[in-house]
Amino acid sequence: MACAGSFDPRMAFGQSVAQPEPRTPCAPNSNRCQSGGYHRQLVYVRMSPNTIKIMQPVTVTVYAGVDVAKATLQLHLQGRQAEFANHTAGLVQLCQQLKTVPHVQVVCEATGGYERPLVQALHQAQIPVSVTNPAQVRAAAQAQGQRAKTDRIDAALLTDFGQRYRPKPTPPTTPSQEQLVALTQWLTQLVQARALAKTQAEHHEAAFVCGRHAKLMAHYQSQIGAVEKQIRDLLAQDARLQQRVECLDEIKGVGPRTAWLVLAHLPELGQVNRQEVAALAGLAPWTRESGTMKGMRCIGGGRPEVRLALYMAALSAARCNPVLQPFYQRLRAKEKPAKVALTAVMRRLLVYMNHQLKALQATQAITKIQPPKIP
């Protein structure tokens, strides 16, 4: 039996290695290896041809951190730094440099929209990219004692984050999904602006101001109607997205606007389990316990746009949904606060929406497998 230190990589592929002669004999130790006086004997190791055939090469992913700013892109790749302009020409140069390294994966942060052209360019160039949560990257940096923050430091930290945690690549989105996100964001802004104008209406006394305010409210209403019409036209061009919206619209308490917002900001709906979908929406309570201390559990994180849409849907479902109404009343009978009971309704409603979309996908898969009937 060979010692651990006597391995030669050439033996693994059946190559012969010369065996040196021992100079001074020495008794073997308890591990059956020769002692220091002996030259350790090398053993022939040969692999079966079948074993060599089934061996798969190990692919090593090279992570590249890209710090995204409004005007620049800071790249950290294999210990080197490079800066590119955050526009079309700079993105082309960045992709060309990344293609020179095999098995490269880019790691960047979600920066509120400035990362979208980068992600689209990388997907078009077929370079995997992971869009990470900035809070997680900052926490990893603080765990290493890194308190300074510059573009070059952040790019290096993103590379280190990828090497340590190996984030999954962010899947590309369809053009319909991107348009739905843009339209729903604009719709939300219009609705919030109209609500703000309504609260200010009671303080207007001058006739001129009241007249202008009425025109402003009419303008908001017409803009909201135009955006909703544009969303319906978009859904009419995408049959799959239209079916998902109709599936959610059938749930009592969920209207078309809620379905649009949830599908726009939570495209994973119907593809994950109930725990994951609750965590993505920020509806999973955080446990706060230490020793004898039992802290209050709170929700947070996730995607606030989804919680905003589900809040109004939960209010309606707590009154008219035949399943969620008794659930809400049962929680209130146990002296749960109204907001706690309503949050529980939001989570159960989201889990049910996720279940319905899973059932829809299963039905569509069965329909595709069945052969067409011959008349």
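**Exercises on burial, core and charge**

L241 has its place in helix 8; helices here are DSSP runs (H or I) of at least four residues, numbered from the N terminus. You're looking at a predicted model, where local features need pLDDT of at least 70, side-chain atom pairs count only at pLDDT 80 or more, and totals for chains, interfaces and linings use all residues. Residues are numbered from 1 along each chain as its sequence is written, and side-chain values use heavy atoms, with hydrogens and water left out.

**Exercise 1.** Work out whether L241 is buried or exposed.

*Solution.* Start with the cut-offs: buried is under 20% relative accessible area, exposed is over 50%, and partly exposed is in between (1.4 Å probe, protein chains only). L241 has 6% relative accessibility, so it counts as buried. Next, look along the chain: L180 is 61 residues apart from L241, and their C-alpha atoms are separated by 9.9 Å.

**Exercise 2.** Find out why helix 9 counts as largely enclosed by the rest of the structure.

*Solution.* First list the buried residues of helix 9: T258, A259, W260, L261, V262, L263, A264 and H265. Then set that against its length: eight of the 10 residues are buried, so helix 9 is largely enclosed.

**Exercise 3.** Identify which residues touch the most other members of the largest nonpolar core, and which helix gives the most to this core.

*Solution.* A nonpolar core is a set of buried Ala, Val, Leu, Ile, Met, Phe, Trp, Tyr and Cys residues joined through side-chain atoms within 4.5 Å. The largest one holds 51 residues, and I231, L248, L269, L310, L349, L350 and M353 touch the most other members. Elements giving two or more residues to this core include helix 8 (239-249), helix 9 (256-265) and helix 13 (338-369). Helix 13 gives the most, with nine residues.

**Exercise 4.** Track down the salt bridge partners of K149, R164 and K294.

*Solution.* Apply the rule: a side-chain nitrogen of Lys or Arg within 4 Å of a carboxyl oxygen of Asp or Glu. The count comes to seven salt bridges.

- K149 pairs with D154, closest N and O atoms 2.7 Å apart. K149 counts as exposed at 53% relative accessibility, whereas D154 is buried at 7%.
- R164 meets D160 at 2.7 Å, N to O. Both lie in helix 5 (residues 151-165), four residues apart, about one turn of the helix.
- K294 bridges to E289 at 3.6 Å. Salt bridges that share partners join E289, K294 and R297 into one network.
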